[in-house]
Amino acid sequence: MSSTHDWINNPLGVVKEMFDMSHNNSTSGWEEKVVKFFKEQLKEKDARTAVPSLNDVPLHYLKPNSLVKFRCFIQDMFDPEFYMGAYETVDPSSKAKMMQCGKYKDVAECSVDFHSSNTVNAERQTFYCVPVPGESPWVKERYASESQGRVVPSTSYAPSRQKRSYEDDDDMDTHPQKQREPNSAVGPQSPDNHHGNADCKRQETEAPSSQAASASHLDLNFPLPGEKGPSCLVKVYEDWDSFKLNDMLEVYGILSVSPVLSVLADEKETSSSLLDPTDSMETAAEQRVHCPPASLVPRLHLVHSQRLLHNNPLMPLTVMEQNTAFLSSTLSEMAAVRAELLTYFTHVLLGDTLAAEYLILHLISNVYNRRDVLPLGKFTLNLSGCPTVGSYTERLYHIIQQLVPSSFYLGMTLQNLNQMRLVPKKDYVANRLVSGALQVPKNTSLFLDETRLEQGQLDTAGVHNVTALGNLISWQKVDYDFNFHQMEFPCNVNVLVTSEGRSLLPSDCQIHLQPQIPPSQIEEYLSSLHVPSDSSSQVNKFRIFLGVARLLDYSISDEVTKSVEDDFVDMRKDDPQSVSAEDLHRMLVVARLLSLSLGQTTLCRDSWMRAKHIEMQRKTRVEQQKCVNGNEP
Amino acid sequence: MAMPTSPGTDLLSPAAPQDTSLLSSPRPSVLPPDVDMSSPLMYGTPIRGTPARQRPDLGSVRKAPQVDLQSEQPVSDATVGSEPSGGQRLVIWGTDVNVNICKEKFQRFVQRFVDPTSTEDENAGLDLNEPLYSQKLEEISVVGDPVLNVNCRHLQSFDAELYRQLVSYPQEVIPTFDMAINDLFFDRFPDSFLEYQIQVRPYNALKTRNMRSLNPEDIDQLITISGMVIRTSQLIPEMQEAFFQCSICGASARVEVDRGRIAEPAACRHCNVSHSMALIHNRSLFSDKQMVKIQESPEDMPAGQTPHTIVVYAHNDLVDKVQPGDRINITGIYRAVPMRANPLQSSVKSVYKTHIDVIHFRKTDEKRLHGLDEDAEQKLFTEDRVQSLKELSLKPDVYERLASALAPSIYEHEDIKKGILLQLFGGSRKDFSQTGRGHFRAEVNILLCGDPGTSKSQLLQYVYNLVPRGQYTSGKGSSAVGLTAYVMKDPETRQLVLQTGALVLSDNGICCIDEFDKMSDNTRSVLHEVMEQQTLSIAKQHVILALPVSVPHRVRPSPCPSRTVSVPHRVLPSPCPLCLFLRFDLIFLMLDPQDEAYDRRLAHHLVSLYYHGEEQMEEEFLDMSVLKDYIAYARTYISPRLSEEASQALIEAYVDMRKIGSGRGMVSAYPRQLESLIRLSEAHAKVRFSERVETIDVEEAKRLHREALKQSATDPRTGFVDISILTTGMSATARKRKEEVAQALKKMIQTKARTPAMKYQQLLEELRAQSETAVTKELFDEALRALADEDYLTVTGKTVRLLA
C-alpha cells in the first residue's frame, strides 16, 4: 500500500486513506486496521531502527507529523480527554461539506461545523512521559548508535526552524548524553573524568546549555535531579488501562509540534475572561503543565507501543524464551563471565572476594513475585566498612553505573535528606504528580551513600524521607503522597547501601568490607583502580551477564526442597536461636541468586551448600565486627 | 422609570429576589401580553408572587427559542423548543419528552409514592406509610427551604419510563418537574411564603458510575459519581444577564448570557445612536458559582494508575457546600464544551472540556453521624459478585477458607488468623443510649505478643493492606498527639490547623500499632478511651482558638476503630496497662515453637513460597479482592442478633469461666470477657452471612477465646489459666507467694530487736536463711514494696527503716 518512507514520513496520510475508505462507517473497523497496519510495518526487519528516535535526535531535526519513537517512562497520567474523532468541515466559499478524521491529531481544521450531527466524539488518554530516569550514558550512546533513523536536517526545513528564537532551541537540548553538572548537590563529586572520552565528542554537538534558565521557565518534572532530555505528552487511543504509572515503554507515535497548541495556550492566559466559564477555571500553573509549548514538550499520538522489560541495548527486546539462540549462547558463557566479573569486583572491592560475591548477587536480584505484602527476591545489600578516603564510594558507583542500564546515586547528606523530594507528591494546583527521586523504573540500581552522613538534625521532611527509604527497602513500595491519602505503588529497585558502620536503614543482608590492602595504601590503590572502558568486549559481556541473570526463570525440584528442609531442621536442632525463619528466607534468596548467576535455572545441591557456606562466612564476619565495635547494636 | 424591554427577555429572564436586591431593577409584575404561551417550559414565571430562581445548573434551559416555533426548526442542539408531532402531542425538540404527560406523571409520583422500607436518615421522622414526597412538601411549607431532593431509585421503582427520560434529558425534564411540583405545592399551600420556587434535585441516579467509566455517551445525561473533593475555587460571580444603558438617552437594555457570551447591543433602540450602550455592572445580574475538583476515591482505582479528576461546577446555594477532603456523591449533568473556533486562526484544538454541573451533593461521611457503616454505601456490589459471595458463604468450611486466605505467606498460626478474621468482621452495633449506657463497642481488639522474628510485623502489614482505611504506626516514636490529633501552623496559610493522628484516620478501619511495648505510658493511656468507648476527646487548653470548631467533628460517637497491637516480647510489661489489657478481646502469643516437625513444615512452606509460580498461588487461596469484598459485604449487610439458645450458651460459658478460677481465689473472667464473647460470636455469625447468632458461633468464640487465653494466660507454674496474669502481669500463685514472703519478712523484723534501721543486704540474707524455699532478690523487693505499701517501713537506698 505505502512505501516505507510514506508511513514513516507521512503516517497521517495512511490514516486518512483508511479513514476515507471507511466512509465514516463506524462498523468498518478502520481504526483497528490502522493499528494493525503500523504493528505489521514495525514487525519488519530494520523497521524499528529506521524510525527516528526522540531520545537521540534533537526535536528541531524531526519532521512534524512524522512517525517517531521514544524510549520513555510514564511519569504521570492526566485525565482522559474527549476529542472530535470525526467531524465535518464546511468550505466557507463553496459550502461543500467534508468529513475529516480527528484521530491522531491535536488540532482540527478550521471551519468545523460544530453542529453537524455527523460529529463523532471519542476519548483518549494522555500520559506524561519522560526519558527513562537514571539511564546510564552507555545505554543512551548504544541506542543512539543503533538507530539508523538519524535525520539529517533537510535544507528545506531547517532554516525555517532556525529563525525561531535561539532560546527555545537551547531549552530543549535533546542530546542523548546525560550531563551531570559538576556542582550538582546530588551527584558524586568527580564523575566526568571517568568517562571523559565521551565528553569531548559531546561538546561539539551540544548547543550551549542554558539549563538554569530553562528550569525556571518550565519544570519538566524529571524524577531525578540533573536529568535532561525531551519530555512528551503521549496520547493513547486504545486500551489505556493496561498502562501503568512507572512503566518503561517504547512508544511509536505521530509527532505533533503544531505551534497552534502553544498559541492557544498563551492566548488563554491573557484573555481569561469573566464570561467564559471554562477558561477562568484552569490556573496558570495547570495550564503550564497540561498545555506546555509544543516546542518544549511535543505531543506524540501513539500508534504502537511496547512495554520494555529492560532497557539494556545489548539484549533482545523480546521475552527471553523467544530468543533461544541468544539465551543458550549466553547461558553457556555465564559461569566464565561470572568468574571474570568476580575477579574484577574483587579488585574493585579492595581484594575482598566474599563482598564481591555478594555484590554480584545483589546486582542480579529482582523482585520476581509478591506474596500478599511480601516481595520475593529482593536483596538489599549493606556494604559496611567502606573506606572514606579517596571518594571510594563514588568510584564504586561509577563502576556500577558502567555496568547496569539505570542507576542513581543518592549521597545521604543531611542536606539531601532534608531537602530532596524522594516521594512523589500530587500537586493539586497544577494537577500533576510532582516527581520524586524514588519514582524510578524497575530494576534501577539505587546507590545510597551513607558515608556522606554527617552530624545534625533531620527535620520532618528528612524523617519522612528516611521512612520512605526504609519502606522501599523492606516492602519494595513507595507511598505516593496524594495529600488527602497515600497511594501505594509497588517498585522493584535494587538498593545498595554503603556505610562505615551498620546502616541506619534496614537491609536484607549486611557485609562488612575487609580490605586486603593496608589502610595506608588504599588511596594509592584507588587511584590505580581500573575502570572498565566503554568499548571493551569484557564490559559488554558483564552488562549482558547482569541483564540476563536477572530475567531468568528459576525453580526448585522436590528433591532439593526436601534436602533444604532437612538442612534447616538440622540447623535448628543445633542452635535454634541462631537460625530463624528469616535466615532461611535469606538463604533461599542467596541460593536462588547464586544459581542464576551461574546460569542454572534450577537449584542444585551444590549451589545450596555454597549459599549456606557463604552465608556462614558472612555471618561470622558480621559477628566479629560486632565484637570489634562494642557499640554496634 | 418605565423601561421598554424586549418581551422575550422579560419572560425568560429569571426574576431576582426583588425584595432583597437593591440592585435589581423594579420590573413590571404584569406579564406583557405578547408572551408566546406555546413555549412549553415557562421557566421563570412567578407563581402567586413567588419568583422562580434560575437554575444555572441546568444550563441553557432558560434559553427557550425566540424563534417562531411553527415555522423554523431550531438549529442549536442546546435549544429547547417544541414541535407539534401528531396533533396535540407536543414534545420538546430533540427529545421524546411531552411536558404535560411528564408533569402529570411526576405529580402522581409525588402524591402516591410510598416507601415503607425506607431506611434513609433524611426520612427519619416521616410516616413511612404515607406518600413520602407529599410529606416532604409539607416540610418545605414549614421550614421554608424550597428544595426537594428526589431519590431516583424511588422514581425508577415507581415509573421506569419517567426515570429513563430524567436520566436521558435532565435539562428538559427537571424544569418540568419544577413546574409540576410548584403547581402542586401552591395548590396545597396557597398561603405559604417561599423565597423562591421549589427546585427539584434528583440524586442517586442509578447510573452511578465510577469516574473512570464516564465516556462520551454520558454527555448531557444525569449521572451520579462518587469521589473526593480536592480543591474548591473561590466564589465566582457569573453574569446571567447584562444590563446596558444608553449613554445618550439613558434607555436601558437587558441582554442574557448565551453560552458564555453577551451580544452587546450595537445601537440604542430608543434613540438609534450606535455604539452608545454601556454595560452597567451594578445592575447586571450575577449568580454564584464555584469550581470544585473531584478526584476518584482511592478505593475505586485500579492498581498502578493515578486517580482521575473531574471539574464540577456548583451553583447558587450549592456553593461552599463541600470542602476539600470530603468524600461525596454528586449528581449532575455531564457536559462537554467544544473549543470555539477563533476567527484569527486557521485551526482549532479538537478537544472538548468536560465538567459536571452539579445538581445534588451528598457527603458520604455525613452518615457516620447516624452510626452506620458508610464504607459499604459507597461500595457497590454487582449482582454476580453478591451471588458468588453468597455461594461462598454457604460452603461449610468458609470460616477456615477465609482464615487461610488471610496472609497466606505467613505460616500456620491458624487461630491468630481466625481471630484477626473475626476482628475484620466485627460484632453488631448495639445502641443502649436510651437506657443510659451509651453504645457498646462492636469492634474487636487484638493484642499479639511473641518472640522476635515470628512475622508479627508482616501480619500487621497484611491487615493494614487489606482494610480500606488501615493505619500503620509504630509505638516507637509515636506520641499521644500523634495518635489523636495535634494542632500545628500551616506553613502556607499560617493558620492553626488540626492535624489528625493515626487513630482518627483509621476511623472505621483498623489501626495497627507495631512495637506497642516501646510506647510511652502516657501515649498508651490515650488508648483506654478509644478502645472501650470508641471515642476520642482532645483537650488542648492553650489553643482554644482553633479547637472549638474542629473538636466536635472528632469527638463523634464511634469514631474509632478496632485495632491490632503487637508487643514483640513474650513477657508482658507488668505494672503499666492493667486495664488496657482487659480491653483486648483476644490476646495471642506468637511463639517460636522450636520443635522439629514445626521446623520442617515451616521450611517446606518457605521453600514453596520461593519457587511456586504465581498461578499456582492464585489457585490455592482465595483472592485478596474476594476476601475484601466478602468482608465489606458482611460488614454492611449482615447484623446478626443473638438467638435464644446462643444467649443461653453464652451465659453458661461465662459462668464456667468464672467457676474455673473461683475455687482457688482467682478471677478468671470479667464481664468484659462476656462482652468479648458476644462480639466474637456475632463476628462468626457474620462470617457465615447469618442473621442469627447460633450455638456454633458461641462455641467457636469460646474456643478461640480459650485458645488465646491458653496461649497467653497460662500460669507457667500451675498450668491453670489465670486471667489475672494479664491484669497484674503476675500469676495468682506468684502473688500468693509474694504475700507469704512479705508476711515472713514482717514477722522476722518484728521478732528482731526494734532497731529502726536495717541493712538491706543483711535482711535479705537472714530471710533466705530462714525460708525453706528460695527467695530471689526480685521476690524480696516485691515483699519490701508490699510492706512499704502498708506503711510499715520505707526503703531508702540500702537501708530499710521501720515506720511508726
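This text covers the confidence of a predicted model and one pair of helices in chain B. Local features need pLDDT of at least 70 and side-chain atom pairs count only at pLDDT 80 or more, while totals for chains, interfaces and linings use all residues; side-chain values use heavy atoms, without hydrogens and water. Residues are numbered from 1 along each chain as its sequence is written, and chains are lettered from A in the order in which they are written.

The predictor gives the complex an ipTM of 0.76 and a pTM of 0.74. For chain B the average pLDDT (the predictor's confidence in each residue, from 0 to 100) is 69, and 59% of the residues score at least 70. Among the elements of chain B (DSSP runs numbered from the N terminus: helices, H or I, of at least four residues, and strands, E, of at least two), strand E11 (residues 309-315) has the highest mean pLDDT, 87, and helix H15 (residues 547-554) the lowest, 23. Residues 60-88 of chain B have pLDDT below 50, yet this stretch has 56 contacts (heavy atoms within 4.5 Å) beyond near neighbours in sequence. Over residues 540-576 of chain B, pLDDT stays under 50, and the model has 120 contacts beyond four places in sequence for them.

Now to the helix pair. The axes of helix H2 (residues 99-112) and helix H6 (residues 170-188) of chain B come within 9 Å and cross at roughly 55°. Residues making the contact include B:Phe106 and B:Val110 of H2(B), and B:Phe177 and B:Leu184 of H6(B). The residues of this contact divide into 10 nonpolar, three polar and two charged (Ala, Val, Leu, Ile, Met, Phe, Trp, Tyr, Cys and Pro count as nonpolar, Asp, Glu, Lys and Arg as charged, and the others, Gly among them, as polar).

Conventions. Axes fitted to C-alpha atoms, helices over the stretch in contact; angles between N-to-C directions.
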